[in-house]
Amino acid sequence: MRIAVFEAEAHEAIPFERFKPDHDVSICAEPLRADNAASAAEADIVSVFIYSTLDAATLAGMKRLKLIATRSTGYDHIDTAYCRAHGIAICNVPIYGENTVAEHVFALLLGLSHRLPEAVARARTGHFSPEGLQGFDLAGKTLGVVGTGNIGRHVIRIAKGFSMAVIAADIAPDETLAGELGFRYVSFDELLAEADVISLHVPATAHTLNLISDAQFARMKRGAVIINTARGSLIDTSALVRALHDGKLGGSGLDVLPEEPLIREEAELVSAAFASQHDLRNLVANHVLLNMPNVIVTPHSAFNTREAIRRIVDTTVGNIEGFLIGEPRNLVR
């Protein structure tokens, strides 16, 4: 078969070489669009990332196409109705960084609880003293997890290892999961009132816009900590700054900010195509949160480990291998 891989950077190209010499493999760094679709006119399988536009105009000339293997979780860049009508299968990468992001939650939390940025800065300047750097234990604290999907449940597992009590809120509670992992579901308002630490793991939707604002901060324990590795729009930034300034909130760890452009996939951030279209330096320039001593901000890097990025490619390669032997995986259509 002919396999055409688009949007493939150097680190992505090598794994696809395994399909040679049994198959004709072409690799292109550019996205697949209508203006270059002729280069894949004879392809049986194409693999793309999210900057490709697989609409009817692009797909119409690809008469042999049987599978689109997108290297992303989302597939809104693909005309699924066209594919359905023409018998073209679509597979994706449903998960790749759930443990990775969960680990980052605790990197942020431990940074706050042990005041690591201040401690490191002090040691580097030669002021080798712990005076004024008193932190707090995680053991015995209550963690409130908002959203118990793939990432949220990894956070819960890690929290239990730190001897934390865990409560959770979710629109679809999974009591079997709660029994297995040893946590309990409560209402969102109860979670806000009981938790010492709150970690957010819900998507950005119209319903979750400013999920945490003045009213929610008012319900929290004084000195609570909030961690956000999900989407910046979940927290009202002005309300967050007010809560931090007046001491209602003890600290915050943020891997995302609300002013970020719409990011469909975290892996966009390490792609050359994204870098050529967006300059995120303006996002954080003079951002008040960066200058607050009880706030740690990281540049949307929670997902960014070599293992997670490799899982994206490995899953895609596996999807193609499964399709070739008649055992398709991760089909979304």
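## A walk through a predicted protein chain

Leaving aside its neighbours within four places in sequence, Leu-234 is in contact with Leu-200, Val-202, Pro-203, Thr-208, Asn-210, Leu-211, Ile-212 and Asn-228, where contact means heavy atoms within 4.5 Å. The model is a predicted one, in which local features need pLDDT of at least 70 and side-chain atom pairs count only at pLDDT 80 or more, while totals for chains, interfaces and linings use all residues. Residues are numbered from 1 along each chain as its sequence is written, and side-chain values use heavy atoms, with hydrogens and water left out.

Let us stay with Leu-234 for a moment. Its place is the loop between β10 (224–228) and α10 (237–245); helices (H or I, at least four residues) and strands (E, at least two) are DSSP runs, numbered from the N terminus. Is Leu-234 buried or exposed? With 0% relative accessibility, Leu-234 counts as buried. Buried here means under 20% relative accessible area, exposed means over 50%, and partly exposed lies in between (1.4 Å probe, protein chains only). Ala-206 is 28 residues from Leu-234 in sequence, and their C-alpha atoms are 9.9 Å apart.

### The chain as a whole

The protein chain has 13 helices and 12 strands. Along the principal axes, its C-alpha atoms fill a box of roughly 65 × 50 × 35 Å. Of its 333 residues, 48% count as buried. Among contacts with a separation of 6 or more, 63% come from residues 24 or more positions apart. The accessible surface is about 15600 Å², and carbon and sulfur atoms hold 53% of that surface; the areas come from the Shrake-Rupley method with a 1.4 Å probe, and for residues only the protein chains shown count as cover.

What about the charges? The chain has 30 positive and 40 negative charges, and their mean positions are 2 Å apart. Lys and Arg count as positive and Asp and Glu as negative, with His and the chain ends not counted. Each charge is placed at NZ of Lys, CZ of Arg, CG of Asp or CD of Glu.

### Helices α6 and α4

Now to a pair of helices. Helix α6 (residues 150–161) has 12 residues, which at 1.5 Å a residue should span 16 Å; its end C-alpha atoms are 18 Å apart, which agrees. The expected span is 1.5 Å times one less than the number of residues. The buried residues of α6 are Gly-152, Val-155, Ile-156 and Ala-159. Why do they line one face of the helix? Seen down the axis of α6, they fall within an arc of 100°, so they line one face; the arc is that of the directions from the helix axis to the C-beta atoms. An α-helix has 3.6 residues a turn, so residues three or four places apart point the same way. The cover over the buried residues of α6 includes α4 (98–113), β6 (142–146), β7 (165–169) and α7 (175–181).

Helix α4, which belongs to that cover, has 16 residues and reaches 23 Å from its first C-alpha to its last, close to the 22 Å expected at 1.5 Å a residue. This helix is mostly covered, with 12 of its 16 residues buried. Among them are Glu-98, His-104, Phe-106 and Ser-113.

### Backbone features

Most residues other than glycine have a negative phi, and most peptide bonds are trans. Here are some residues with positive phi:

| Residue | Place | Phi |
|---|---|---|
| Glu-7 | loop between β1 (2–5) and α1 | near 60° |
| Arg-115 | just after α4 | about 50° |
| Ser-163 | loop between α6 and β7 | about 65° |

Glu-7, at 7% relative accessibility, counts as buried. A cis peptide bond, with omega about 0°, joins Lys-20 and Pro-21. Pro-21 lies in the loop between α1 (10–16) and β2 (24–27).

### Two aspartates

Asp-174 sits in the loop between β7 and α7. With a relative accessible area of 29%, Asp-174 is partly exposed. Neighbours within four places in sequence aside, Asp-174 is in contact with Arg-153 and Tyr-185. From Asp-174 to Leu-257 there are 83 residues in sequence and 29 Å in space, C-alpha to C-alpha.

Asp-314 belongs to helix α13 (residues 306–324), and its 34% relative accessibility makes it partly exposed. Although Asp-314 and Phe-16 are 298 residues apart along the chain, their C-alpha atoms are separated by 9.2 Å.
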